Amino acid sequence: MTTDMMTQAFSYSINNRKIKKFSSIEKVLKDWFDAGVKNLDTMVEYLEKRNDRFSIYSKISRYLEIFRPLDEPSMRIIDKWIDEWEFSMEMIMKCLDKSVNTLNPSFTYFDSIMKSWNEKGFKTVEDLKND
């Protein structure tokens with residue numbers, strides 16, 4: 001990584017994450033490297049995608065009335081719905097609606113619904129009417 005990237009990681013950590021420890025800045029750099037961030041252009045793309053994803057996490061947690069940040073396993077499940085199975089936010093929210101009559105629903109429960117929909121090829125709310 002270039003010195004520009006290290007400078008950007010330092011700035012990002014302090015300004016956006018309020019982190020001042022070098023070990024935490026090192027983790028930011030490692031995360032970027034693992035995500036394929038190699039220059040300032042790919043860093044900008046990565047951060048835009050990451051910020052969009054965090055707004056999705058936030059929307060889901062608010063909808064479920066979870067008043068804490070989502071844990072890593074829950075975020076990975078949501079990432080799978082979006083990245084691997086290519087579900088829209090509308091479909092995700094439709095899945096979350098199924099928790100109305102469920103006592104203490106979990107992301108594992110939601111994942112089982114989304115997995116079923118994916119296996120059946122359901123990608124739109126209209127598709128669900130055929131179920």
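A salt bridge here is a side-chain nitrogen of Lys or Arg within 4 Å of a carboxyl oxygen of Asp or Glu, and the structure holds 7 of them. This is a predicted model, where local features need pLDDT of at least 70, side-chain atom pairs count only at pLDDT 80 or more, and totals for chains, interfaces and linings use all residues. Residues are numbered from 1 along each chain as its sequence is written, and side-chain values use heavy atoms, with hydrogens and water left out.

**View 1. Arg53 and its two aspartates, linked by salt bridges.** Arginine 53 pairs with aspartate 79, the closest N and O atoms being 2.8 Å apart. Aspartate 79 lies in helix H4 and arginine 53 in helix H3, so this pair ties together parts that are 26 residues apart in sequence. (Helices are DSSP runs of H or I, at least four residues, numbered from the N terminus.) Aspartate 83 bridges to arginine 53 as well, with closest N and O atoms 2.9 Å apart; that pair also links H4 to H3, across 30 residues. Arginine 53 counts as buried because its relative accessibility is 11%, while aspartate 79 at 21% and aspartate 83 at 39% are partly exposed. (Buried means under 20% relative accessible area, exposed over 50%, partly exposed in between, using a 1.4 Å probe and protein chains only.)

**View 2. A salt bridge inside helix H2, Asp31 with Lys27.** The closest N and O atoms of aspartate 31 and lysine 27 are 2.9 Å apart. The two are 4 residues apart in H2 (residues 22–34), so about one helical turn separates them. Both ends are partly exposed: aspartate 31 has a relative accessible area of 27%, and lysine 27 has 48%.

**View 3. The largest nonpolar core, with 23 residues.** Such a core is a set of buried Ala, Val, Leu, Ile, Met, Phe, Trp, Tyr and Cys residues joined through side-chain atoms within 4.5 Å. Ile78, Trp81, Phe87, Ile92, Phe107, Met114 and Trp117 touch the most other members. Helices H3 (40–63), H4 (72–84), H5 (89–97) and H6 (107–120) each chip in at least two residues. A second, separate core has 11 residues, among them Met5, Val28, Met43 and Tyr46.

**View 4. Leu70, in the loop between H3 and H4.** Leucine 70 is buried, at 10% relative accessible area. Leaving aside neighbours within four places in sequence, leucine 70 is in contact (heavy atoms within 4.5 Å) with Tyr57, Ser61, Met75, Ile78 and Phe107. The C-alpha atoms of leucine 70 and tyrosine 57 are 7.1 Å apart, with their positions 13 residues apart along the chain. Serine 61 sits in helix H3 and is buried at 9% relative accessibility; the serine 61 side chain reaches the backbone oxygen of serine 58 at 3.0 Å.

**View 5. Phe54 and Tyr57, an edge-to-face aromatic pair.** Rings of Phe, Tyr and Trp (its six-membered ring) pair if their centres lie within 6.5 Å; planes under 30 degrees apart are stacked, over 60 edge-to-face, and the rest tilted. That rule gives 5 aromatic pairs. For phenylalanine 54 and tyrosine 57 the numbers are 5.2 Å centre to centre and 90 degrees between planes. Phenylalanine 54 is partly exposed at 36%, whereas tyrosine 57 is buried at 4%. Elsewhere, Trp81, Phe107, Tyr109 and Phe110 form one aromatic cluster.

Technical notes: A polar contact is a pair of N or O atoms within 3.5 Å; within protein, one must be able to donate a hydrogen and the other to accept it, and residues adjacent in sequence count only if both atoms are side-chain atoms.
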